Amino acid sequence: MSFESLNLNEVLTRALSAAGYTEPTEVQASAIPAALAGKDLMVSSRTGSGKTASFVLPALTRILAQREQAAAERKASGPANAQGNGPRVTPFSNATRGPRILVLAPTRELAMQVSKAASDYGRFVPGLRVATVVGGVPYGAQLAALRGPLDILIATPGRLIDHLGSGKCQLGNVEMLVLDEADRMLDMGFIDDIRLIVDATPKQRQTAMYSATFSGTVGRLAADLLRDPLRIEASSQTEGHADIEQRLHWADDFEHKNALLDHILTERSMEQAVVFTSTQRDADWLADRLHDMGHSVASLHGGMPQGRRTRVLQGLRSKHLRVLVATDVAARGIDVPSISHVINYGLPMKEEDYVHRIGRTGRAGRAGLAVTLAERRDSGMMHRIQRYTTQRIPVATIEGLEPKRSEPPKPFDRPVRPAGKSFGPRPAGKAFKPAGKTFSKAGPRPAR
Ligand code: AMP
């Protein structure tokens, strides 16, 4: 399928060609025609699948159509109006205050990423106005952006609620609402904020929800917000990760884990790495340790001021940084094609975060390596991850750094039972357990 067959405006296909895209990805091919036809959407699509363009392109199409209509109306109302006499219809009138498109995203980083995509794909849309409203940055510039005419607003729920509460933002002209990574927003406790925001938008809007899972609360939210939605499952959570090689190294203890990390970071194939830790404190500590060892490294986590986080990401993009030590929330949405390695130094709290983590590499068709350094106490989580992804992660060793202890007793010897059709992770209590055994026998649960 080609972008031409999606009947996108030439203004958009030109931007796609400029970005080097030749054909739509799977999720784009499914979602774009339905979105252009005005359908509500319920989309599960892995990170890195091109999902952002699958809603940004239909959003931009709406804006272009509105621009064309306004131009036609101006023309029809005659030359007097064109010369500035008579009642002028301008985008600055109150009737067009507030965005036509609203995108909600769970984190600042993801919101910035969507914002960049909107500006990139909309680079030839005349006078496109995109604003981003996220927490952790001063209010002034956001208020100025909200006061003026606006096409697309991309926001994290908390800060948007602040602006709604103070009457500085109005959503009465929203034609299309997108909830990106809806499951994450609910995990982060945004359910009430989301409902308040949705209530401030017109009922007849078009709504698209993107989420890894549509079970439980997120499914109920979808049922409330969407009208006769089209369900799109672009690919399983990991099918699309063909470009990412995964490896598991068993570490005997903390020192061994550090030795493995040090070795991997000095591999010649390593261009740039994101090293994940479980806590913000670990991220700072490990970044300090790697800095002392001579690496160009920085940490990135939610406890840092936004200005510093932005500078760190710029450093990564400009390749001044070779290693980023990050926590899950802060690293979501990072899209830097030169990240060759993702290293799980501390395991994620949730199995779906593993999928998000490894999706930081193997971007834009490049190959990537995702290495997990696990101690025996991590064996329960390792099994849950493999069950969730329905993939076995090959165990690897490094010459001279082989573990002295034998591998943990294996749930791993048993087939990894597929998680069924639903994308959703199982609640921890219902995790797959070999008959008659519990995970506590395979090793204690990690203490975090
Ligand atoms: P996303 O899943 O939206 O975060 O996109 C992942 C990456 O794929 C980004 O680097 C996009 O620039 C890139 N991308 C999106 N659509 C296409 C496409 N049709 N062809 C090639 N790359 C794409």
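Me: Which residues are exposed on the other side of α12?

Reply: Heads-up: this is a predicted model, so local features need pLDDT of at least 70, side-chain atom pairs count only at pLDDT 80 or more, and totals for chains, interfaces and linings use all residues. Side-chain values use heavy atoms, leaving out hydrogens and water, and residues are numbered from 1 along each chain as its sequence is written. Exposed is over 50% relative accessible area, buried under 20%, partly exposed in between (1.4 Å probe, protein chains only). Across from the buried side of α12, you'll find R281, H291 and D292.

Me: How wide an arc do the buried residues of α12 cover?

Reply: The buried set is A283, L286, A287, R289 and L290. They sit on the same side of α12 because the arc around the axis, taken from the directions to the C-beta atoms, is only 160°.

Me: What covers those buried residues of α12?

Reply: Helices (H or I, at least four residues) and strands (E, at least two) are DSSP runs numbered from the N terminus. Counting contact as heavy atoms within 4.5 Å, the cover includes α11 (254–265), β9 (272–276), β10 (297–300) and β11 (323–326).

Me: Which residue just after α12 takes a positive phi?

Reply: Helix α12 itself runs over residues 280–292. Just past its end, phi is about 100° at G294.

Me: Which residues of α7 meet α6?

Reply: The axes of α6 (residues 139–147) and α7 (residues 157–165) come within 12 Å. On the α6 side, the partners are Y139, Q142, L143 and L146. Facing them in α7 are R159, D162 and H163.

Conventions:
Axes are lines fitted to C-alpha atoms, for helices over the stretch in contact, and angles run from 0 to 180 degrees between N-to-C directions. The expected span of a helix is 1.5 Å times one less than its number of residues.
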